[in-house]
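User: Please take a close look at one loop on the surface and at what surrounds it. Give the cut-offs as you go.

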Amino acid sequence: MALGRDPLDALEIPDGTTVEEHDLVVDGDVIVGGQSTVEFGVRGRNVVAGERVRFGGDIEAEGDCRLDMWCDVAGNVLVGDDAYLGERVHVGGQLMVSGDLDIGDDVEIEEGFEANGWIVIRNPVPTLVFYFIVLSQLLRVGETDAADEIAEALGGDAPDDPLVIPRGGDVSDDSWQVSTPAHVGDGCRLHGNVRAKSIDMGADNNVFGSLRARGDIAVESGTRIHGDVTTRGGTVELADGVRVLGDVSCTDLELHEDAVVDGSIRSRGEMRIVRPEAKREIE
């Protein structure tokens, strides 16, 4: 995750993210901004959610799980290390914690809980949520050096980038909908239409849905889009080996000669076809 900006100002989908049945599976951490909805279950290393986040399935965290106040989990919460639950969190299934449990007032766990370590009843502030609040403030006032030091100190030796869903995001089988830019890594398998301010799609992805943005859309080599690619006022760039099983609609289009569009192409501005050797442009 790049510093120098608000760490929750974009949808960040890391390399290798997959949707398996009804679970969203990543190798690294999962960070969800407040007032978001994730209709999937979630499996990752550490799972962190802001206030009023709703999960439609189970949460499985290899490390810590931190849920801020008013979060709602439809299924079970299984935690490999420590768990932190803010006040009025609701868990529709069981809570199983291998380490310590910090729990706030009026937490409802329908099928009971078990913790192997200490159980403390209070109103904890999730550590990583507090970290992002402090980091955001430092970046806002221009203290980038201090932000870098905090990120290095608290980031640990995490080998993988986190999955980040910005505040107010809505993720389901139907759509990944955010009001921010969206960045998707390589080798992902996603279900649902991606709706964002702009979309930067990596290589060798398989997206079972369409892409729609107000700004630019860039799709890297070898990615397959099972739907339309549409932008209101931006440029669409399709690299070599990209296949769009639908229509493309945009202002300007940059199309590699080895990219394939099964449907129609509507470009209101300039259309460029890129050849790999001479890099000639045909208008």
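Analyst: **A loop and its surroundings**

R232 lies in the loop that links β31 (229-231) to β32 (235-238); strands here are DSSP runs of E, at least two residues long, numbered from the N terminus. The model is predicted, so local features need pLDDT of at least 70 and side-chain atom pairs 80 or more, while totals for chains, interfaces and linings use all residues. Residues are numbered from 1 along each chain as its sequence is written, and side-chain values use heavy atoms, without hydrogens or water.

R232 counts as exposed because its relative accessible area is 66% (buried is under 20%, exposed over 50%, partly exposed in between, with a 1.4 Å probe and protein chains only). On the surface, R232 belongs to a patch of positive charge together with K197, R212 and R214. Such a patch takes residues with over 30% relative accessible area and no salt bridge, like charges being joined within 9 Å; a salt bridge would put a Lys or Arg side-chain nitrogen within 4 Å of an Asp or Glu carboxyl oxygen.

On the other side of the loop, strand β32 holds E237. With a relative accessible area of 37%, E237 is partly exposed. Its C-alpha atom is 4.6 Å from that of A218, although the two residues are 19 apart along the chain.

Strand β31 is part of an open sheet of twelve strands with mixed pairing, ordered β17-β14-β11-β8-β5-β21-β22-β25-β28-β31-β34-β37 (pairing takes at least two DSSP bridges). The edge strands, β17 (108-109) and β37 (265-267), each pair on one side only. Elsewhere in this order, β11 (72-73) and β14 (90-91) run parallel and are joined by two bridges, with D72 opposite H90.

Methods
Helix = DSSP H or I, 4+ residues; strand = E, 2+ residues; numbered from the N terminus. Patch = residues over 30% accessible without salt bridge, like charges linked within 9 Å, V, L, I, M, F, W, Y side chains within 5 Å. Areas by Shrake-Rupley, 256 points an atom, 1.4 Å probe, with all protein chains shown as cover. Lys, Arg positive; Asp, Glu negative; His and termini not counted. Charge placed at Lys NZ, Arg CZ, Asp CG, Glu CD.
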